[in-house]
Amino acid sequence: MTDPALLELRDVHVRFRGRRGAVAQAVDGVDLDVRAGEVLALVGESGCGKTTLARTILGLERPVEGEVRFDGSPLEYGNDWLRRYRRKVQMVFQDPTGALNPRQTIYESVAEGLRIQKVPGREEALVAEALSRSGLRPPERFFALFPYEVSGGQRQRVVIAGAMILEPELLVADEPVSSLDASVRGEILQLMLGLVRETGIAILVVTHDLGLAWNIADRVAVMYLGRIVEQGPTEQLLSAPHHPYTKALLSVVPEVERLEQQILEGETPDPTRIPSGCRFHPRCPLVQSGEAARLGIEERCRTEDPAELRSVPGTADGSGHVAACHAVG
Amino acid sequence: MSTPLLLDVRDLHVTYPSGGGVPAVRGVSFQLERGETLGVAGESGCGKSTLAGALLRLLPPGTEVSGEVLLDGENVLTMREDRLRAVRWTELAVVFQGALHTLNPVKRVGWQIEEAITTHERGIPRSELRGRVAELLETVGIPGRRAVDYPHQLSGGQRQRVLIALALACSPHLLIADEPTTALDVMVQAQVLRLLEDLQRDLGLAVVFITHDLSTLAAVCRRLLVMYAGRVVEDGPSDEVFGSPKHPYTAALAAAFPIIGDARFRMAPSGLPGDPPDPRHLPSGCTFHPRCSVARPECASRAVELWPAGEGRRAACVQVLDEVPT
């Protein structure tokens, strides 16, 4: 490992007990690092466990196995400890309207974190700086406004200001632009990228949108049914994906014309019933087309879980481009 | 005209009654031939869903509507109620986003499709009705035996397919799809888009496809309209509109969805400053000028219209006037 990671997840498992006693393996053995100052995109479809993983990183879910480490120390789950932790790790949700208290002014919303964390200093100056840094200028104009008085894009800026005012080291953003208009989307992404450059914050952005990853992420991790199935530097991973799931995901993005569309059948299986062998095999184009049989791996695809992320061939060892597929390596 | 137009919308205006009148659609005209696909792109508040509502005459009471919506030459806006009921579903049908809210949660999906059929055709024998429901479900890729399921027993993608089956129940000629894939996952989105493409081709359906996602439209539709603040600001063949936009707003929308692999978009998200305007307080002149990066002084006052901008293309931006040889 080159430099120590800011956030480390080691073999993290999170389970939920559903109705009728079924156990959902929402996160099923995830290893993931976020380095200081990087933007990592965690990509997957709904039900893949990406939001649960984000909540686990924030300490809102506690892994039943494995561990989350921040700055080298494992997360503790006492209230005081978590409060101090949230000074360093902040969250931005998908829907800014739901994230803001409709009866609080923008000033109150942004200052809330400072009060909870009892941060010393002139509150008003800090709020003004946070708003202004989030592109709400002049900040004083926004102090007395309520969330409904500003646009959706501005609301998301308020949420980001509220998170950034604590000068965290890591921002976890769950689909930060998917509820915003197309033209506003780019502005918010620019803001996030600017914050990384100016403050050196790391961002873990949880999204289904590969275009977003191309826009702002240094690295991408692709998640399927509770597991990271491929991970690597954005340019490598998106220009030469190795896992058949990543390939399929990329092929259905309308902005990628050169790829033949590979529309997977069905939907992501229920996490209470993870398929045997490789969890992707029932939908895998390699298995369905007979390619896996030709490669002599079909039996393994059906019975053996490719738990280990292996370096994809043709990449330098240190590049970190890895995939969990029997066809790789 | 050799082939009669399926849909001819002429100078459509829609104003909502609230707060002294909100002009949501302000003079939209377009035409659609049989079997054609047309994409309508725009952001929230641009009037695209109001446009869909007006085509179906499904707007709240008190809404002011003027202009004409000619469906096979017949004006939907002035039709008698009974004629309108006959036309809905049999001539034109709609697929909205959010299938969970559109389907009745306490009725089996098969029953809901049967109801759509029997409302328009009486006296169909029970067995034939069952057969038609099963056939419709199979058409949209759902096994016929799922007819006995309630909506909550189906996945999001399957519910959206049921809505499409419902829309097809009375073999309409025109399908209006308002954000039909927005709430769906990317893979399911691709499945539903492919289904719509197949149906369009196999059944000769005309489709008006409404969404904020320009790249999806470019992939699915032959022709595109881009709306901003209640008006069409650009139209033309979709690959040209998406590939070489004439209106700066279209260019910004196209750039908002990056081309993966294209170095121009790498670590360079592209957006527009500001927000879509409030229809109650529209900017003067060209409504887009406050957000436009190439606005000229005249844009704040000069009225714009859809000027010709090349073969089969029009754009409402003074820039296109520079290109026209005089």
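Biologist: What radius of gyration does chain A have, and what would a compact globule have with 329 residues?
Modeller: In this predicted model, chain A has a radius of gyration of 21 Å, which agrees with the value near 20 Å that a compact globule of 329 residues would have. Along the principal axes, its C-alpha trace spans about 65 × 45 × 45 Å.

Biologist: And how many helices and strands are there in chain A?
Modeller: Chain A has 14 helices and 12 strands. Of its 329 residues, 54% count as buried, and among the contacts between residues at least 6 apart in sequence, 64% join residues at least 24 apart.

Biologist: What about the surface of chain A, how much of it belongs to carbon and sulfur atoms?
Modeller: The accessible surface of chain A comes to about 14100 Å², and 47% of that belongs to carbon and sulfur atoms. As for charge, chain A carries 37 positive and 46 negative side chains, with the centres of the two sets lying 4 Å apart.

Biologist: Before we leave chain A, where is Thr303(A) placed, and is it buried or exposed?
Modeller: Thr303(A) is in helix H14 of chain A, which covers residues 298-303, and it is exposed, with a relative accessible area of 53%, because exposed means over 50%. Its C-alpha atom is separated by 7.0 Å from that of Cys278(A), although the two residues are 25 apart along the chain.

Biologist: Switching to chain B, how is it divided into domains?
Modeller: Chain B is divided into domain 1, made of 5-91 + 172-283, and domain 2, made of 102-171. The contact between them takes 18 residues from domain 1 of chain B and 13 residues from domain 2 of chain B, and the centres of these domains, taken over C-alpha atoms, are separated by 26 Å.

Biologist: What helices and strands does chain B have, and how many of each?
Modeller: There are 11 helices and 12 strands in chain B. Its radius of gyration is 21 Å, close to the 20 Å that the globule rule gives for 326 residues, so chain B is as compact as a globular protein of that length. The C-alpha atoms of chain B fill a box of roughly 70 × 50 × 45 Å along the principal axes.

Biologist: Which share of chain B counts as buried, and what does its surface come to?
Modeller: Of the 326 residues of chain B, 52% count as buried, while the accessible surface comes to about 14200 Å², of which 51% belongs to carbon and sulfur atoms. Chain B has 33 positive and 38 negative side chains, and the centres of those two sets lie 4 Å apart.

Biologist: Why is helix H10 of chain B described as largely enclosed?
Modeller: Helix H10 of chain B runs over residues 248-256, and 8 of its 9 residues are buried, so it is largely enclosed by the rest of the structure. Among the buried residues are Pro248(B), Tyr249(B) and Leu253(B).

Biologist: OK, what covers those buried residues of H10(B)?
Modeller: The cover includes helix H8 (182-199) of chain A, and from chain B it includes helix H8 (214-220), strands S9 (223-228) and S10 (231-237), and helices H9 (238-243) and H11 (319-323).

Biologist: Which residue of helix H11 of chain B can you tell me about?
Modeller: Glu323(B) has its place in helix H11 of chain B, and at 49% relative accessibility it counts as partly exposed. Measuring from C-alpha to C-alpha in the model, Glu323(B) and Ala309(B) are 7.9 Å apart in space and 14 residues apart in sequence.

How values were computed. Residues are numbered from 1 along each chain as its sequence is written. Chains are lettered from A and ligands numbered from 1 in the order in which they are written. This is a predicted model: local features need pLDDT of at least 70, side-chain atom pairs count only at pLDDT 80 or more; totals for chains, interfaces and linings use all residues. Side-chain values use heavy atoms; hydrogens and water are left out. Helices (H or I, at least four residues) and strands (E, at least two) are DSSP runs, numbered from the N terminus. The radius of gyration is taken over C-alpha atoms; the globule rule is 2.2 Å times the number of residues to the power 0.38. Buried means under 20% relative accessible area, exposed over 50%, partly exposed in between (1.4 Å probe, protein chains only). Contact means heavy atoms within 4.5 Å. Accessible areas come from the Shrake-Rupley method with a 1.4 Å probe; for residues, only the protein chains shown count as cover. Lys and Arg count as positive and Asp and Glu as negative; His and the chain ends are not counted. The place of a charge is taken as NZ of Lys, CZ of Arg, CG of Asp or CD of Glu. Domain bounds come from an automatic or database domain assignment.
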